[in-house]
Amino acid sequence: MEPTEPTSEPSPGLVSAAIQAITQHIRAEGLAPGDPLPSEAAMTRQLNVSRTVVREAFRSLSAMRLIDMSAGRRATVAKLDTGAMSMVIEHGITTHQISVQQVYDVRRTIEMRTVALAALRRTDAEAAAIASSARLMRENFTNPEAVMEHDIAFHEAIAAASHNPVFSLIVTAFSGVTRRTWVIGWRTRSSDEAQLKMIKGHEDIADAILKGDPRLAAEHMAEHFDKSVKALIDAGIA
């Protein structure tokens, strides 16, 4: 017999324990993305808690992007998703717990390593994708929004070429902050010459990756971030 459904909100302690039990089940059973989880009824019996507790645990795991839920179907293990990490970073900036410059400082450190690995590990197709994003930045240079999207794609392509999914996860999670600050930095570069210089920096990075030179790639990436931070400081972004 299933436990009686409570009329009040489930205890946070019970929900937390259910979350831990569900994640432990995923590990113990070796479940992969797309694999189904036990039904709410089955988890209710297994954990000896109410279905309300299990339902809240599933909702919490879904909000954290660890499982996928859809009406009328069993919950499944989710693929890696940057949404939760991106929201944490943006929340930190919105609530003034972290600054944009601090985010860019972390990005500089991470992306210097990422680009060095990309120079060593990239495939020909990945190098071509990186170079294509840089080329499209130049071709769309009069359309700042298009340049921004190609810029974001450029950095994400480098992260993918590092062949380390953790780097891809982190770099992609920075995209929300980039979209909040990119146009401000672009406008600080008030002349066509200054804006084209920024694009040239991306082309230099792409060329170093194509040449397979990790040291040069990292140097260009560091210079790129130093200039980006200066542009934001000039715009009054702390």
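**Figure 1. Asp-151 in helix α7 of the predicted model.** Asp-151 belongs to helix α7, which covers residues 144-161. The structure shown here and in the following views is a predicted model. With a relative accessible area of 5%, Asp-151 is classed as buried. Beyond its neighbours within four places in sequence, Asp-151 makes contact with Met-137, Trp-182, Met-198 and His-202. A distant reference point is Ile-19: the two residues are separated by 132 positions in sequence, and their C-alpha atoms are 38 Å apart in space.

**Figure 2. His-202 in helix α10 and its surroundings.** Helix α10 spans residues 192-211 and contains His-202. The relative accessible area of His-202 is 0%, and the residue is therefore counted as buried, the limit for that class being under 20%. When neighbours within four places in sequence are set aside, the residues in contact with His-202 are Ala-134, Met-137, Asp-151, Phe-154, His-155 and His-224. Asp-151, the subject of the preceding view, is thus one of the contacts of His-202. Met-137 appears among the contacts of His-202 and also among those of Asp-151.

**Figure 3. Thr-114 in helix α5.** Thr-114 is a residue of helix α5, an element that extends over residues 100-121. Its relative accessibility of 1% places Thr-114 in the buried class. Residues up to four places away in sequence being excluded, Thr-114 touches Ile-158, Ala-159, Ser-162 and Phe-167.

**Figure 4. Tyr-104, a second residue of helix α5.** Tyr-104 is likewise located in helix α5. It is a buried residue, with a relative accessible area of 7%. Apart from neighbours within four places in sequence, the contacts of Tyr-104 are Thr-178, Thr-181, Phe-225, Ser-228, Val-229 and Leu-232. Tyr-104 and Asp-226 are 122 residues apart along the chain, and 9.1 Å separates their C-alpha atoms.

**Figure 5. Ala-218 in helix α11.** Ala-218 is part of helix α11, which comprises residues 214-234. At a relative accessibility of 14%, Ala-218 is counted as buried, because the class takes in values under 20%. Not counting residues up to four places away in sequence, Ala-218 touches Met-112 and Val-115. Ala-57 lies 161 residues from Ala-218 in sequence, with a C-alpha to C-alpha distance of 43 Å.

**Figure 6. Two non-glycine residues with positive phi, Arg-65 and His-96.** Arg-65 is not a glycine, yet its phi is positive at about 65 degrees. Arg-65 occupies the loop that joins α3 (51-63) to β1 (67-68). The relative accessible area of Arg-65 is 32%, which makes this residue partly exposed. His-96, also not a glycine, has a positive phi of about 60 degrees. The loop that holds His-96 runs between α4 (83-94) and α5 (100-121). His-96 is exposed, its relative accessible area being 72%.

**Figure 7. The two domains and the overall fold.** The protein is divided into domain 1, residues 12-77, and domain 2, residues 82-235. A distance of 36 Å lies between the C-alpha centres of domain 1 and domain 2. Eleven helices and two strands are assigned in the protein, and their order from the N terminus is α-α-α-β-β-α-α-α-α-α-α-α-α. Along the principal axes, the C-alpha atoms fill a box of roughly 75 × 40 × 30 Å. The radius of gyration of the protein is 22 Å, whereas a compact globule of 238 residues would have a value near 18 Å.

**Figure 8. Burial, contacts and surface of the whole protein.** Of the 238 residues in the protein, 40% are buried. Among contacts with a separation of 6 or more, 71% join residues 24 or more positions apart. The accessible surface amounts to about 12,700 Å², and carbon and sulfur atoms account for 54% of that area. The protein carries 26 positive and 29 negative charges, whose mean positions are 1 Å apart.

Definitions and conventions:
Residues numbered from 1 in each chain as written. Predicted model: local features only at pLDDT ≥ 70, side-chain atom pairs only at ≥ 80, totals over all residues. Heavy atoms only, no water. Helix = DSSP H or I, 4+ residues; strand = E, 2+ residues; numbered from the N terminus. Rg over C-alpha atoms; globule rule 2.2 N^0.38 Å. Buried < 20%, exposed > 50% of the residue type's maximum accessible area, 1.4 Å probe, protein only. Contact = heavy atoms within 4.5 Å. Areas by Shrake-Rupley, 256 points an atom, 1.4 Å probe, with all protein chains shown as cover. Lys, Arg positive; Asp, Glu negative; His and termini not counted. Charge placed at Lys NZ, Arg CZ, Asp CG, Glu CD. Domains from an automatic or database assignment.
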